[in-house]
Amino acid sequence: MYSLKLKQHVDSAGDAEQVSGEPLWTEAVLPGCPVRAVLCVTAAVTVLLGLLWLYRLIFCPLLLRRRLDEVGYVTEKQRSRAQVANEVRRRRKTGDLPPVYPNGWYRILDSSMLERGDVKDVTVLGQQVAVFRGLDGRVYALDAYCPHLGANLAVGGRVVGNCIECPFHGWQFGGNDGKCVKIPYAEKVPHFAKVRPWPSCEVNNQILVWFHCDGEDPEWTVPEQQEITEGQWVYRGRTEHFINAHIQELPENIGDFAHLNFLHTPGFISGTDLRFTGTRICTFLQHIWKAQWEPESEPNKHCSRMFLQHTLTVFGQHFSLLDVHVVARQVGPGLVWMHFKHSFLGRGLILQSVTPVEPLLQFVTHTIYYQANVPALIPKFILRVECVQFERDVMIWNNKKYVSKPLLTKEDSCIQRHRRWFSQFYSDNSPQLQQRRDTLHF
Ligand code: FES
Ligand SMILES: [Fe+2]
């Protein structure tokens, strides 16, 4: 506010004298001005941030990355999450585990993460792999350690044509077969100088590598989802989790129908901490599931399908508008595709990938593609709800022991059927976890 001030006249002697008793307007004096300016700037920034948040919420894909210790542990005041996670990992009984790395295709990166000429150091199935995109646009994956003196090709290595150049002495290896094609200071390249190539493919905007304990070639291909390739279904987000469990525990969930209507019944707003999901006041919202599981026959015996019918009740009332049908197709040991179909929310797909990093450490992603004409908010919401349900499983997986001979009822029989089906991904030489947790026997 403007303030009034009596104008004073300064005479030649320097004395101030009031010319008249009437207050006169002088130059604007604004004592509140800095405060007001700060308020204005704060308000403007808040509005801008709000608009940005709204824009991101409505238009940008969801990206949710969970740290290893962030989800699935019982936290206590005295100990940090990391301490709890480490203790659980150390103390937990592992049980009589199946082999730790089943044969199959595993997602390692999204296509967008690897530009032409890029190199990435990837840890998969306990191995270091140098993954790079050649100048021909193709993806190549090689064992990361250089046979010369062991430098990691992916750390400082450079793509030259369709080869990778070692950062230590400049040896170059072809992406296709891993053979050394050039040693900058040597007259001759020994014919046995090579690194092991990993079969790789790029499907549905993902980069995958093939693992077989005996080095066999891929036995099947990763099916392409036409709607993704042709752009009818677009990318709407991804979640990432690290889970402390054997890989088989995760897909086995598909054959375990009984847990659906127990663990996954409390409404998604009840959260992910199993100590509280059943006790919160938000139990007026409940999920109800009906499931069926079938393995596929030749030539797709590496695939199986779960048919899932989901309904939501609010205060016990069923709203058929919220019914969702999901077909979860498992493709090999590390890929599950969840197809969504909803009467008015349209169709889409969540690609779930489970990739072993270490014997008991899985890296899991959920990537959603959805009809392009459906607002991004809807698939993002679906992915968020799926994430809540998934994190309830994480709390079980992170703390459980693998029971090789479980005590099952007749109603649990699908778990055994699923185990028999999954055993096709193990061979005689599949790596086992030894007594010492960090060593593997090939
Ligand atoms: S260690 Fe790779 S070129 Fe020497
Ligand atoms: Fe589950």
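**Note on a predicted model**

1. M306 is a residue of strand β16. The model is predicted, and this strand position is a convenient place to enter it. M306 counts as buried because 22 C-beta neighbours lie inside 10 Å, against a cut-off of 20 or more. Setting aside neighbours within four places in sequence, its contacts are I254, A291, Q292, W293 and A328. For A291, which is 15 residues away along the chain, the C-alpha separation from M306 is 6.8 Å.

2. Helix α7 covers residues 413–422, and its buried residues are C414, I415, H418, W421 and F422. Viewed down the axis of α7, the buried residues fall within an arc of 125°, so they line one face of the helix. S413, Q416 and R420, on the other side of α7, are exposed. What do the buried residues of α7 pack against? Their partners are two helices, α4 (249–255) and α5 (257–263), and two strands, β15 (285–295) and β16 (303–314). Strand β16 is also the one that holds M306.

3. The loop between β15 and β16 contains P299. The peptide bond leading from E298 into P299 is cis, its omega being near 0°. Most peptide bonds are trans, and most residues other than glycine have a negative phi. The bond at P299 is therefore worth a look in the model, as are the two residues in the next point.

4. Two residues that are not glycine have a positive phi. L125 has a value of about 50° and sits in the loop between β5 and β6. N204 has a value of about 55° and sits in the loop between β12 (200–203) and β13 (206–211). Are these loop residues buried or exposed? L125 counts as buried because it has 22 C-beta neighbours inside 10 Å. N204 likewise counts as buried, with 23 C-beta neighbours inside 10 Å.

5. The loop that holds L125 leads into an open sheet of three strands. The strand order in this sheet is β5-β6-β7, and the pairing is antiparallel. Which strands stand at the edges? They are β5 (119–124) and β7 (139–143); each has a single partner strand, so one side of each is left without a neighbour in the sheet. From one strand to the next the twist averages 30°. Strand β6, residues 127–133, runs antiparallel to β7 and is joined to β7 by five bridges. Within this pair, V129 is opposite D143 of β7.

6. An unreviewed UniProt entry places the feature "domain: Rieske" at residues 105–209. In the model, the end C-alpha atoms of this span lie 6 Å apart. The span is 42% strand and 0% helix.

7. Further along the chain, β18, β19 and β20 pair in succession. Strand β18 (residues 324–331) pairs with strand β19 (residues 335–342) in the antiparallel sense, over seven bridges. Q330 is placed opposite V336 of β19. Three residues lie between the strands of the β18 and β19 hairpin, where G332 takes a positive phi near 75°. Strand β20, residues 346–358, is antiparallel to β19, and eight bridges link the two. K341 is placed opposite R347 of β20. β19 and β20 also form a hairpin, with three residues between them.

8. How many helices and strands does the protein have? There are seven helices and 23 strands. The radius of gyration is 30 Å, whereas a compact globule of 442 residues would have one near 22 Å. The C-alpha trace spans about 110 × 75 × 50 Å along its principal axes. Of the 442 residues, 31% are buried. Among contacts with a separation of 6 or more, 55% are between residues 24 or more positions apart.

Methods
Residues numbered from 1 in each chain as written. Chains lettered and ligands numbered in written order. Predicted model: local features only at pLDDT ≥ 70, side-chain atom pairs only at ≥ 80, totals over all residues. Pairing = 2+ DSSP bridges. Helix = DSSP H or I, 4+ residues; strand = E, 2+ residues; numbered from the N terminus. Axes fitted to C-alpha atoms, helices over the stretch in contact; angles between N-to-C directions. UniProt positions renumbered as here; feature names shortened; annotations may be inferred. Buried ≥ 20, exposed ≤ 12 C-beta atoms within 10 Å, placed from the backbone. Arc of directions from axis to C-beta. Contact = placed C-beta atoms within 7 Å. Rg over C-alpha atoms; globule rule 2.2 N^0.38 Å.
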